[in-house]
Amino acid sequence: MNNPQLDKDGRLRHLLSIEGLPKNILNQILDTAESFVGVAEREVKKVPLLRGKTVCNLFFENSTRTRTTFEIAAKRLSADVISLNVSTSSQSKGETILDTVDNLIAMHADMFVVRHSQSGAAHFIAKHVPDHIHVINAGDGRHSHPTQGLLDVFTIRKYKPDLHNLRVAIVGDVLHSRVARSEIHALTTLGVPEVRVIAPKTLLPAHVEKLGVQVFHDMKEGLKDVDVVMMLRLQNERMNGAMLPSAQEYFKTYGLTQEKLSLAKPDAIVLHPGPMNRGVEIDSSVADGAQSVILPQVTYGIAIRMAVMAILAGGQGSSHGGQA
Amino acid sequence: MKIHIKNGRVIDPKNNIDSKLDVYIAAGKILALGDCPEGFVANQIIDASNQIVCPGLVDLSVRLREPGDEYKATLISELQAAVAGGVTSLACPPDTDPVLDEPGLVEMLKHRAKQLNLAHVYPLGALTRQLQGKVLSEMGELREAGCVGFSQANIAIVDTQVLWRAMEYAATFGFTLFLHAEEPFLAKDGVAHDGEVASRLGLKGIPSAAESLALASILRIAKETGAKVHISRLSTAEGVAMVRDAKKQGLKITSDVSANHLHLTEHDIAYFDANCHLKPPLRAQRDKEALSAGLKDGTIDAICSDHTPVDDDAKLAPFAEAEIGATGLELLLTLTLKWAQQEKVTLLHAISNVTQASARILGIQAGDLSVDSDADICIFDANEYWKICPAALKSQGKNSPFNGLELAGKVKTTLVHGQIVYQN
């Protein structure tokens, strides 16, 4: 079966999921992102790689942060940006996803950044767009959030360059998390030897170990000697329901406090995709503490998204240091 | 109309026939097999050289979409599809709009179908009013109107007291219940098998236990009430084991499997192929193997198409939002032959699973080539390949998980009541 993300020459055509991408493509994105990190620090924060191109943010699910970072990334590449928040537009009038996409293509959008509440939505759209259109998955249901997975790994690599020697723990609602799935695929593909998931049974998918992770239900055990702690957001609807009794109990057993963090390596770093539920999955003292790299994640997120768009549009390579 | 079918290999499982025989038809019935009856002069000769002549297929579950969902498919298109697939008798589930819980509706459906002179339609009546699982339907009246059994389609009866009473009532009159085993709370919002693939793809899963738990209730109540129950669309290894056990205990249980589940697993979802969004979901390899073994050892009695045509737009959505079901009437024979070939099962056995076994479950006179029976016949070329694609299907439902494949087994001629209703 043809990999829908790659064209017939093996180049990236869409970014739909980390799963299915070979290691060299992941590294290509990470290395390209490296060269974009400096752009944000310049006075004129622009490179012309996507000048004349139209990037359309097609968000069927509400998001401010992800949409904003994609907007900033596209604008830094000099692209024209449209942001469509579909919940307020034609979708609510009953327009199908494909009709919305087709209309935007008719308006000459070149690239779609798509977020949708259903798993597989990005694949679905990618299957229907003409060859010259690129699709970036900004999150589809529980399935995948590839740019998040990539920016997380990029961040880790910044602080812990030797990925082949790391122990990483992912804590929280893995069952419902597209971020977790993308993180797991990125880490395992890039050769991180030990990836742990820490969660109660109700928040783990069936056969999760088949993704290449070690399962822990005891957070204290799971955090022992890890180099990287990746916290996941716990959505409000999971609490007070049939999955978890309460936010309080969750915080007690699976919340990241300074005390629990001390079980990890002394120089361990803490990541969180945001937005944070302070006092639920993470204590403020940790979120704001010295080991937190949560804000750098956001900064690197822009570089990663610039890299992905640049590679898809065909202007990849690290040779844009000077042209602003 | 006197018809002579010559040179064909006749396979009639009920009468244990698998040999080269000529078939003679007169006045819509099978007059003789083998030697030409004295004084017989054919009006029409069908040369079935290199072809197989078998009873017209009997399909246990075909959604005709009438009444109510005519934009998806119509009686005429689907009955044409039926005979194109060699299916001459079929049962349709009651989940129409309106639901088949009124004798008048059943009569009308039967009447309209009869007028088309294509395949015979045997409706399954709703077991409860509006399929709501609360009040029993008028099973006696529905039987009179032509229902051969009673079903809840894919909607579970949650209230075990109602299920018990429904079985008791049906058992009083010897009616057969057609039940799909799925525990609704565990299956709620699930769209795929709760296993490795659903976990990877981030799809909400339906655990195997949803089938086995529901099956446990159904079998236990069947045991208490003595009801005749047919389990529709088994999908798990556990389910097969439970039915095997129930049969050993002497319970009046029969079961079927859909042709899709004999060939596909959760892995066929691949990159979210909406044509694989089915109910019950496609499960794991070990489940597929158990279903096959169950068919071979008689635990599962029949293969059906589970024909569920949807209009094209309905599958053009992300997986979970795509409408459930696959088109299947025209693939039933092909897929049965493929299964037989892969599992090294004789044609006699395999064809039995789509003819006399199904007929017996429905309690109808069909599915065999006995002398004096209606001449409902399927003539096919087991070696002719055809490509499964929208253009090749007469059904308005083009939604097939087998799209693009070339498979062997092409129906050449179909007769119903001694009339040619399809020829290729």
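Modeller: Before we start, one term: buried area is the accessible area that two parts lose on being put together, summed over both. Also, this is a predicted model.

Biologist: OK, so how much area is buried between chain B and chain A?

Modeller: About 1800 Å² is buried between the two chains, and carbon and sulfur atoms give 61% of that.

Biologist: Which three residues supply the most of what chain B buries against chain A?

Modeller: That would be B:R200, B:Y271 and B:P318, which supply 36% of the area that chain B buries there, more than any other three residues.

Biologist: And how many residues does the contact take from each chain?

Modeller: Chain A puts in 24 residues and chain B puts in 18.

Biologist: Switching topic, what about the largest nonpolar core?

Modeller: That core has 99 residues. Those with the most contacts inside it are B:L79, B:L90, B:M167, B:V229, B:I253 and B:I303. Apart from it lies another core, of 92 residues, with A:I29, A:L234, A:I304 and A:I311 among them.

Biologist: Let's stay with B:L90. What does B:L90 touch, leaving out residues up to four places away in sequence?

Modeller: B:L90 touches B:D59, B:V62, B:L64, B:L79, B:A82, B:A119, B:H120, B:V121 and B:Y122.

Biologist: Now for empty space. How many cavities of 30 Å³ or more are there?

Modeller: The count comes to 6. The largest cavity holds about 130 Å³ of space. It is lined by 16 residues, and the closest to its centre are B:S61, B:P93, B:A153, B:S232 and B:R233.

Biologist: Which elements give two or more residues to that lining?

Modeller: Those are β12 (176-180) and β15 (228-232), both of chain B. By class, the lining of the largest cavity has 6 polar, 5 nonpolar and 5 charged residues.

Biologist: And what's the volume of the second largest cavity?

Modeller: About 70 Å³. Its lining includes B:V62, B:R63, B:L64, B:C92, B:P93 and B:D95. The lining of this second largest cavity divides into 5 charged, 5 nonpolar and 1 polar.

Biologist: Last one: where does B:T265 lie?

Modeller: B:T265 is in the loop between α9 (259-263) and α10 (285-296) of chain B.

Biologist: Is B:T265 buried or exposed?

Modeller: Its relative accessible area is 6%, and the cut-off for buried is under 20%, so B:T265 counts as buried.

Biologist: What does B:T265 touch, again skipping residues up to four places away in sequence?

Modeller: B:T265 touches B:L282, B:R283, B:A284, B:Q285 and B:K288.

Methods. Residues are numbered from 1 along each chain as its sequence is written. Chains are lettered from A and ligands numbered from 1 in the order in which they are written. This is a predicted model: local features need pLDDT of at least 70, side-chain atom pairs count only at pLDDT 80 or more; totals for chains, interfaces and linings use all residues. Side-chain values use heavy atoms; hydrogens and water are left out. A nonpolar core is a set of buried Ala, Val, Leu, Ile, Met, Phe, Trp, Tyr and Cys residues joined through side-chain atoms within 4.5 Å. Buried means under 20% relative accessible area, exposed over 50%, partly exposed in between (1.4 Å probe, protein chains only). Contact means heavy atoms within 4.5 Å. On a 1 Å grid over the protein atoms alone, a cavity is a set of points where a 1.4 Å probe fits but cannot get out, and a pocket is an open set with protein on both sides within 12 Å along at least five of seven lines; lining residues have an atom within 4 Å of a point. Grid points are joined across faces, edges and corners, and a volume is the space filled by probe spheres set on the points. Helices (H or I, at least four residues) and strands (E, at least two) are DSSP runs, numbered from the N terminus. Ala, Val, Leu, Ile, Met, Phe, Trp, Tyr, Cys and Pro count as nonpolar, Asp, Glu, Lys and Arg as charged, and the others, Gly among them, as polar. Buried area is the accessible area (1.4 Å probe) that two parts lose on being put together, summed over both.
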